[in-house]
Amino acid sequence: MSEFTKLWEEYYHIRNRARLGLIVFVIAAWTVPIPVAIIFRNRSMLVEMVAFFVAMGFAATITLPPVFRWANWKCPRCNEKFSEPERRSLTTPVWLLLPVLWRLVADSPCARCKLRSGESPDDVVI
Ligand SMILES: [Zn+2]
């Protein structure tokens, strides 16, 4: 097994875990508010909101680390983040990074050098 084959297998493993983590987080975001609302229904709105944010923070802490690990995976050719396009400045709003999540859903090439997953990093860029 060649070195880049191992790299891509690592990438696929990380990407699959990130996909699973994102799916579980979305499911939690839709289902967690229901038991929180039932448990805290007789409390004040502030207590209910705090409970909701604590529950969502707990769900995010469990499910989203694989997504961040995937987002930080470095391209074997350009050694930049494979999924993150170049930000023009630090003031670029975070919501402009939402297309990064699309890269998790689709089998997208490197955001910087367009290396497709599974290709040898030594392939010539056309
Ligand atoms: Zn690249």
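Here is a chat about the predicted model shown above.

Visitor: What elements make up the chain, from the N terminus on?
Guide: Start with the totals: the chain has 5 helices and 0 strands. Read from the N terminus, the elements run α-α-α-α-α.

Visitor: What percentage of the residues count as buried?
Guide: The cut-off to keep in mind is 20 or more other C-beta atoms within 10 Å. The chain has 126 residues, and the share that counts as buried is 9%.

Visitor: What share of the contacts with a separation of 6 or more comes from residues 24 or more positions apart?
Guide: Take the contacts in the chain with a separation of 6 or more as the pool. Within that pool, residues 24 or more positions apart account for 67%.

Visitor: How does the reach of helix 1 sit against the expected span, and what is that reach?
Guide: Helix 1 covers residues 3-31, which is 29 residues. At 1.5 Å a residue you'd expect 42 Å, and the reach is close to that. From first C-alpha to last, helix 1 spans 42 Å.

Visitor: Which residues of helix 1 are buried, and which helices help cover them?
Guide: The buried ones in helix 1 are Arg15, Ala18 and Gly21. Their cover includes helix 3 (45-63), helix 4 (65-71) and helix 5 (98-105).

Visitor: Are helix 1 and helix 3 roughly parallel or roughly antiparallel?
Guide: Their axes lie 9 Å apart, and the packing angle is about 170 degrees. Angles over 145 degrees count as roughly antiparallel. So helix 1 relative to helix 3 is roughly antiparallel.

Visitor: Which residues make that contact, and how many are nonpolar, polar and charged?
Guide: Helix 1 brings Gly21, Val24, Phe25, Ala28 and Ala29. Helix 3 answers with Met56, Ala59, Ala60 and Thr63. Gly21 also turns up among the buried residues of helix 1. Sorted by type, the residues of this contact come to 7 nonpolar, 2 polar and no charged.

Visitor: Why does Val36 count as partly exposed, and which residues does it touch?
Guide: Val36 sits in helix 2 (residues 33-39). It counts as partly exposed because it has 19 C-beta neighbours inside 10 Å, and buried would take 20 or more. Leaving out residues up to four places away in sequence, Val36 touches Ala51, Phe52 and Ala55.

Visitor: How far apart in space are Val36 and Met49?
Guide: Along the sequence, Val36 and Met49 are 13 residues apart. Going C-alpha to C-alpha, the distance is 9.2 Å.

Visitor: Where is Asn79, and what is its phi?
Guide: Asn79 lies in the loop between helix 4 and helix 5. It is exposed because just 11 other C-beta atoms lie within 10 Å, and 12 or fewer is the cut-off. Most residues other than glycine have a negative phi. Asn79 has a positive one, near 60 degrees.

Visitor: What about Lys114: where is it, and what is its phi?
Guide: Lys114 is in the segment after helix 5. With 14 other C-beta atoms within 10 Å, Lys114 is partly exposed. Although it isn't a glycine, Lys114 has a positive phi of about 65 degrees.

Visitor: How far is Ser108 from Phe82 in space?
Guide: Ser108 also has its place in the segment after helix 5, and it counts as partly exposed with 16 C-beta neighbours inside 10 Å. Ser108 and Phe82 are 26 residues apart in sequence. In space, C-alpha to C-alpha, they are separated by 9.3 Å.

Visitor: Is Leu98 buried or exposed?
Guide: Leu98 is in helix 5. Its C-alpha is 9.9 Å from that of Glu84, 14 residues away along the chain. Leu98 has 9 C-beta neighbours inside 10 Å, so it counts as exposed.

Definitions and conventions
Residues numbered from 1 in each chain as written. Predicted model: local features only at pLDDT ≥ 70, side-chain atom pairs only at ≥ 80, totals over all residues. Helix = DSSP H or I, 4+ residues; strand = E, 2+ residues; numbered from the N terminus. Contact = placed C-beta atoms within 7 Å. Expected span 1.5 Å × (residues − 1). Axes fitted to C-alpha atoms, helices over the stretch in contact; angles between N-to-C directions. Parallel < 35°, antiparallel > 145°, perpendicular 65-115°, else oblique. Nonpolar A, V, L, I, M, F, W, Y, C, P; charged D, E, K, R; others polar.
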